[in-house]
Amino acid sequence: MNALLKVSSNPHIRDKSSTTGIMLDVIIALMPATIFGIYNFGFRALILTLVCVVVCAAVEYVYQTLMKQEVTTKDLSAVLTGLLIAMNLPPELPFWMAVLGCIFAIVVVKQLFGGIGQNFMNPALAARNFMVISFAGSMTRFTLDGMTTATPLAILKTGGTVNVMDMFIGNIAGTIGETSALALLIGGIYLLAKRIIDIRIPFFYLLTVAVFVSIYSITAKGGFDPAFLAAHLCGGGLMLGAFFMATDYVTSPITPNGRIIYAVIIGLLTCIFRLFGGTAEGVSFAIIISNLLVPLIERWTVPKSFGKGAEKA
């Protein structure tokens with residue numbers, strides 16, 4: 001009888017999906033971008049990806065064993081975190097830096113706050129930002145075909161021109177998993193078809209970026225520039241963030257209206273960082289900041305209760 005009285009922490013949502021099943025679906029959705037990234041950057045990208053996945057899983061296992069907690073490595077959440085971290089790393093990043101980032105994600109961001117479901121920000125993005133702050137040079141040095149080169153967004157920021165089709169397909173410099181907008185769209189469509197993610201967040205995120213960049217193009221460049229807009233939609237970590245990072249169950253709102261507000265805030269911050277900040281990218285910091293606002297967003301958008309006194313709720 002006592003077992004029947006045990007209730008998990010909120011929110012209480014009935015669903016046949018399991019944590020392992022959801023994580024596996026996201027991993028499958030990331031395979032097109034992962035495979036293309038390995039094809040684009042070579043054998044080292046494969047090794048770096050494997051290092052991140054193995055380290056994250058191993059660190060979670062060791063931490064939970066030492067803390068005498070239930071080992072949850074089999075739910076694949078640590079594996080997914082490792083894969084997402086790898087997708088956000090330059091292919092030439094030293095392995096030891098990637099290992100430190102993985103340890104930070106699993107121990108500091110995830111486990112110290114109670115494990116899966118309790119982290120206050122996306123562990124993979126937290127690890128990326130940690131490494132960007134700690135190892136700025138290595139995290140912003142990108143290579144393609146053995147040559148160090150600037151990313152398309154960095155070229156745009158200095159007034160140069162880029163090949164939008166190359167950006168869409170992925171024949172550009174960047175992190176392992178962010179270069180091919182096409183591969184990420186395929187993965188995103190898979191997640192939407194499987195109903196793993198809600199379309200509100202990626203749709204309103206991308207829409208906000210499109211509107212903001214269009215207005216900027218008209219006012220600052222003297223007219224609407226479709227190539228400039230397409231480059232911003234295909235470039236950087238926008239597609240990766242929209243479908244795989246901003247939609248994280250734990251760190252995104254559960255209310256429908258809250259998801260829209262959350263997505264719009266991320267879009268605005270991304271554009272502000274990209275167009276007016278000192279860096280050509282802004283997705284990671286935009287999502288992390290918005291993660292911190294989720295409790296307030298949910299409080300503002302919680303639906304009214306039914307019944308007498310609902311107007312006071």
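Two residues are taken to be in contact when heavy atoms of the two lie within 4.5 Å. The model described here is predicted, so that local features need a pLDDT of at least 70 and side-chain atom pairs count only at pLDDT 80 or more, whereas totals for chains, interfaces and linings use all residues. Residues are numbered from 1 along each chain as its sequence is written, and side-chain values use heavy atoms, with hydrogens and water left out.

Helices (H or I, at least four residues) and strands (E, at least two) are DSSP runs numbered from the N terminus. Threonine 143 has its place in strand β1, which covers residues 142-144. Leaving aside neighbours within four places in sequence, threonine 143 is in contact with Phe41, Pro91, Glu92, Thr148 and Ala173. Because its relative accessibility is 12%, threonine 143 counts as buried, a term that means under 20% relative accessible area, while exposed means over 50% and partly exposed in between (1.4 Å probe, protein chains only). The C-alpha atom of threonine 143 is separated by 25 Å from that of isoleucine 186, which is 43 residues apart from it along the chain.

The largest nonpolar core, a set of buried Ala, Val, Leu, Ile, Met, Phe, Trp, Tyr and Cys residues joined through side-chain atoms within 4.5 Å, has 86 residues, and Leu30, Ile85, Leu89 and Phe244 are those with the most contacts inside it. Beyond its neighbours within four places in sequence, phenylalanine 244 is in contact with residues including Val26, Leu30, Leu84, Leu191 and Met239.

Helix α5 (residues 123-134) has twelve residues, which at 1.5 Å a residue should span 16 Å, and its end C-alpha atoms are 16 Å apart, in agreement with that value; the expected span is 1.5 Å times one less than the number of residues. At the N-terminal end of α5, asparagine 122 acts as a cap, with a side-chain oxygen 3.0 Å from the backbone nitrogen of alanine 124. Among the buried residues of α5 are Pro123, Leu125, Arg128 and Met131, and the elements that cover the buried residues of this helix include α3 (77-87), α4 (95-110), α12 (238-245) and α14 (283-301).

Asparagine 122 is also one of the contacts of threonine 251, as are Asn119, Tyr262 and Val294. Threonine 251 lies in the loop between α12 and α13 (256-276) and is buried, with a relative accessible area of 2%. Its side chain is joined to that of aspartate 248 by a polar contact of 2.7 Å, where a polar contact is a pair of N or O atoms within 3.5 Å; within protein, one must be able to donate a hydrogen and the other to accept it, and residues adjacent in sequence count only if both atoms are side-chain atoms.

Empty space was examined on a 1 Å grid over the protein atoms alone, a cavity being a set of points where a 1.4 Å probe fits but cannot get out, and a pocket an open set with protein on both sides within 12 Å along at least five of seven lines; lining residues have an atom within 4 Å of a point. The second largest pocket is lined by 28 residues, of which Arg128, Thr140, Phe142, Thr279 and Glu281 lie nearest its centre. The lining of the largest cavity includes Leu125, Arg128, Leu240 and Glu281, and α12 gives the most to this lining, with three residues.
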